[in-house]
Amino acid sequence: MDARETLKLYFGYDSFKPGQDEIIRAILSEEDVLAIMPTGAGKSICYQVPAMLLSGITIVISPLISLMQDQVKALNEAGIHAGYINSSLTETQIAKVYAKALEGKYKILYVAPERLESYEFTTFAGRVDISMVTVDEAHCISQWGQDFRPGYLKIVDFIDGLPQRPIVSAFTATATEEVKTDIACVLKLQDPKLVVTGFDRENLYFDVEATKRKDDYVLEYIRKHPDDSGIIYCATRKNVDSLFELLSGAGIFAARYHAGMNNEDRKISQNDFIYDRTPVMVATNAFGMGIDKSNVRFVIHYNMPQSMENYYQEAGRAGRDGEPSECILLFSAQDIMINKFLLDHKDFTEIPYEDIDLIRQRDTKRLQIMEGYCRTSSCLRNYILEYFGEKRDVPCGSCGNCHREFTEIDMTEDAKLVINCVWEAKGRYGLNIILGTLLGANRARLKELGTVDYRTYGVLKNRSESELRLLVSQMLLDGYLYQTADKYSVIRMGNIEPLKDPNTHVMVRASRDREPEHQTGRSRKSTDSLTRAGYELFESLRQLRLMIAREEGLPPYIIFSDKTLIDMSIKAPADKQSILDVSGVGEAKYKKYGERFIEAVTAFMEEHPDAVTSIKDEDKHDTVKAKSQVKKKHKLPFYLNQEDADKFEYHDLYLVSEIKDELNRITSAENVKHIFGTDIFKLLTRMGYVEERQVDGRTVQVQTELGLSRGIEAVEKISKIGNTYTVLMYPQEVQKEIVEHYVGNVGYLESDESDEKNAI
Ligand code: ADP
Ligand code: MG
C-alpha cells in the first residue's frame, strides 16, 4: 500500500494538502523532517500516514493529555491501532499498554515527554522496533517560546539511548527563526528536510471592532449565529465570570474555563464544549492548548491579547476543518491600560536579574505590535502575515478592514480644547461630564458641578457626540489623556508634551462599512453550496452524528467533521461505494457508521423525493426528479401480512432500532420501502406515547404520561468510555401495538403521500 492509498483507506481523503506529500515522502525515504505549518494544515496526517507504512512503531511525543486522548480516539475511529501513556492512566493500565505495544498491537504510541526518562519506558523502548520518533508541538522545546516544556529537553537523550537511531520528525505551527533553530539543534536533527507552508489561514476572516459596548456586541453576535460553536477569550478571570453570567442570564448555553476553577469543573466545562453540549466557551488563555475541536466557527477576543503570537494561536483555533470561520477582536482604549497594568505587575521572581530589562522591552514591543493591529486601517491579514515574515503586496479582500472605508480627519485643534477642559476639571470627572461640557449640554448635573461656567463649556458644540468619543479614544491611545481603571473611572491628563509641537497632528479615523456588494471577499461557507433541502439533510445528519456521539461517548467531530457531513449532504450517498466517495469517510468509519448514515440519507430522500441537495445539481434538477420518480413508483410503504406478524420475536424491552430491525426482517412483501427508526418514533408520537422536548438546548425524546403508564422505560446506558446517556425502551405490549399497526394496509392510509394511494 502506498501513502495515497493509506490516506484514502483510513482517513477517507482523496488528496494531500500542501506540504503533506513532501513530508511523507521524506520520512519514507528515512530523512529527518522539521515541518512548520499553521494550525489546521493537517500536521497529524504527516506522521500518521508514514507510521502505517514503516515497519516498526512510531512514538509521538505530545505535550498534553487531552491532545493525546483526542488523537488516539480519532485514530482508533479511523481503524488505526494507537495507544497513549500518560499520568491519566493507572499503573495497571500502563502495564497493559506496554504489553500490547510489545506484542506489536500498536502502530502509534503517544507519550508525554516526562515519561521518556522513566526506567519502564526506556526498558520498553529498548525492546521494540521504533521506526520513528515524532515530536508534536515541537516549539515547546524552545525557551524562547511561551509554551516551553523542560521535559522536551529530555527527548534527545532518549533518542541517543536507543539501540538504533530512528527517523526523527518535528512539527509545530509557531516558529520564529530562533525557535526554528532551537528545535533543529536541541533535537539534533540530522540534515532535516525543512518544510514551511504559508502561515495564512485562508478560511479565517479577521476583524477588529473598536467598541466599548463589548457585552452587547457579544450577545448580538451569538444571537446571529445560534448554530455555531465558538470561543470567547477574556483577559481576566473576572471578565470570564461576568461574561459567563451575562450569557447564561440571556439564555445562552455557555461553559467557562479559567485557572481559578478546580480541575474537575474545568474538565466538565471543556468536555461540554468539545462534545457540543454547550456551543460557547468563555475562557482565559488557560483554555485551548490541546483543543483539536474542528468545528469552532468563531473566536472572539473580548480583550486585546498581549502579543501577536498569542493572538494568532488563539484565533487560529477557529476553523481547523477548513470551513470559513471568524476571528474578531473587540478593542477599546481600556485594553491597553489593562495590558500595561499586567506588564507592570508581571512576576519576575524566577527570572535572572540581568534578563528582566530585556524581557520587559520585548513584552512592551509585543504589546505595541498588537496595538498596531487594532489601529491599522490597512489589511489585517497582511499585518499578521508580515509580522510572521511573509510579505504580501495586495490586500486580502476578506478581512474587516478590506470591507471598510476609512476617512481620517485632522482634529488637532479640537484635541487641544479637550485638554483644556480636562485641565479645568482638574481630573475629577469621567468621560460623560467632559463630553457634556464640551458639547455645551443643558444638563442639571453639569450645573450642579459648575462645569457650565468653564471656558471650554460648549466650545465643541458644532461636533457630534460620537465624533468627540472617537477623538477622546484616539487621545487615550496616543497617551495625551488617560483614564483611571477603577469603578468611577475619571479622565486625567497624560503626556501632552508632543502636542506642543506644531508638527504633531491628532488624526481621527472614522470608518464606515462598505456597501454589501463590495463584500464579495468574505469566503463562502460550504453550506452555501447546499440548497435548502441540502441544508435540511445536513441538519438531520448532524442530529444523527450527535446521537451516535452520545452512544459512543465520543466528541461529535471525531465521528465525522462538519466538512464531511456537508460533502455527504451534497453527494447524498445511497450505497457503500458512494459514501466512500465522501471526503473523510474511510473504511473503518464506513464499517461503524456508514449504514446508519446511508439509512438517514435514504430516509430523507424518500421523504423528499424531489429534493436536490447541491446547488451545482440544481440545473440537472429535471433529470434527477424524473429518475427519483421512476424509482418511487415501484416502492410501496411498509406493511406486514398476518403471517409475517407472527414471526415477530417479542422481547421484554426493545429499543426502537431493534423493533425496526425485527420489522424489516419479517416482512415478506416485495417492493416495500424499508421502515426506519424515525417512522416508528413518529407512529409512537401519534399514539401519544412519546414526544420530543427541548432540554438544555437539545432535543431529547421522552415518554409522555400515557407512555409511562404503558410501561415505556427510560434506561440509562453507559458508553464504552463511561459516559451515560438515556434511551427509551418499549415493552411487549407496545411492540404488539406497533406490529398490529403495520398489518394489512394501515400503513398506506396513514401515509401522507397522496400519489402513493393512487398507485395502489
Ligand atoms: P494541525 O495539527 O496541523 O493543526 P490537524 O492534523 O489537526 O491539523 O488537521 C486539521 C484537519 O484537517 C483535520 O480535521 C484533518 O482531518 C483535516 N485534514 C488533514 N489532512 C487532510 C487532507 N489531506 N484532506 C482533507 N482534510 C485533511
Ligand atoms: Mg496538531
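Around ligand 1 in this predicted model, the surroundings are made up of 14 residues. Y13, G40, K43, S44 and R320 are the closest of them. Three polar contacts help to pin down how the ligand sits against the protein. Starting with the backbone, an N or O atom of G40 comes to 2.6 Å from an oxygen atom of ligand 1, so G40 turns up both in the list of closest residues and as a polar partner under the 3.5 Å cut-off. S15 also uses its backbone: one of its N or O atoms is 2.8 Å from a nitrogen atom of the ligand. Q20, on the other hand, works through its side chain, with a polar atom placed 2.9 Å from a ligand nitrogen.

Stepping back to the whole protein, the domain assignment splits the chain into five pieces: domain 1 covers 3-196, domain 2 covers 204-402, domain 3 covers 405-512, domain 4 covers 526-624 and domain 5 covers 642-759. Going by these bounds, S15, Q20 and G40 belong to domain 1, while R320 falls in domain 2.

Domain 1 also meets domain 4. Their C-alpha centres are 33 Å apart, and the contact involves 14 residues on the domain 1 side and 16 on the domain 4 side. Putting the two together buries about 1,100 Å², with 51% of that area on carbon and sulfur atoms.

As for specific pairings, six residue pairs are in polar contact across this interface, both partners being at pLDDT 80 or more. One salt bridge also crosses between the two domains. E77 pairs with K592 in a salt bridge whose closest N and O atoms are 3.0 Å apart. On the domain 1 side, the elements giving two or more residues to the interface are α1 (3-11) and α4 (65-77). The largest share, five residues, is supplied by α4; E77 is the last residue of that helix. By residue type, this side of the interface breaks down into six nonpolar, three polar and five charged residues.

Over the structure as a whole, the salt-bridge count comes to 45. One of the pairs is R366 with E309, where the closest N and O atoms are 3.9 Å apart. This pair ties together distant parts of the chain, since R366 sits in helix α14 (residues 353-375) and E309 in helix α12 (residues 308-315), with their positions 57 residues apart in the numbering.

Key: Residues are numbered from 1 along each chain as its sequence is written. Chains are lettered from A and ligands numbered from 1 in the order in which they are written. This is a predicted model: local features need pLDDT of at least 70, side-chain atom pairs count only at pLDDT 80 or more; totals for chains, interfaces and linings use all residues. Side-chain values use heavy atoms; hydrogens and water are left out. Domain bounds come from an automatic or database domain assignment. Contact means heavy atoms within 4.5 Å. Buried area is the accessible area (1.4 Å probe) that two parts lose on being put together, summed over both. A salt bridge is a side-chain nitrogen of Lys or Arg within 4 Å of a carboxyl oxygen of Asp or Glu. A polar contact is a pair of N or O atoms within 3.5 Å; within protein, one must be able to donate a hydrogen and the other to accept it, and residues adjacent in sequence count only if both atoms are side-chain atoms. Helices (H or I, at least four residues) and strands (E, at least two) are DSSP runs, numbered from the N terminus. Ala, Val, Leu, Ile, Met, Phe, Trp, Tyr, Cys and Pro count as nonpolar, Asp, Glu, Lys and Arg as charged, and the others, Gly among them, as polar. A residue is near a molecule or strand if one of its heavy atoms lies within 4 Å of it.
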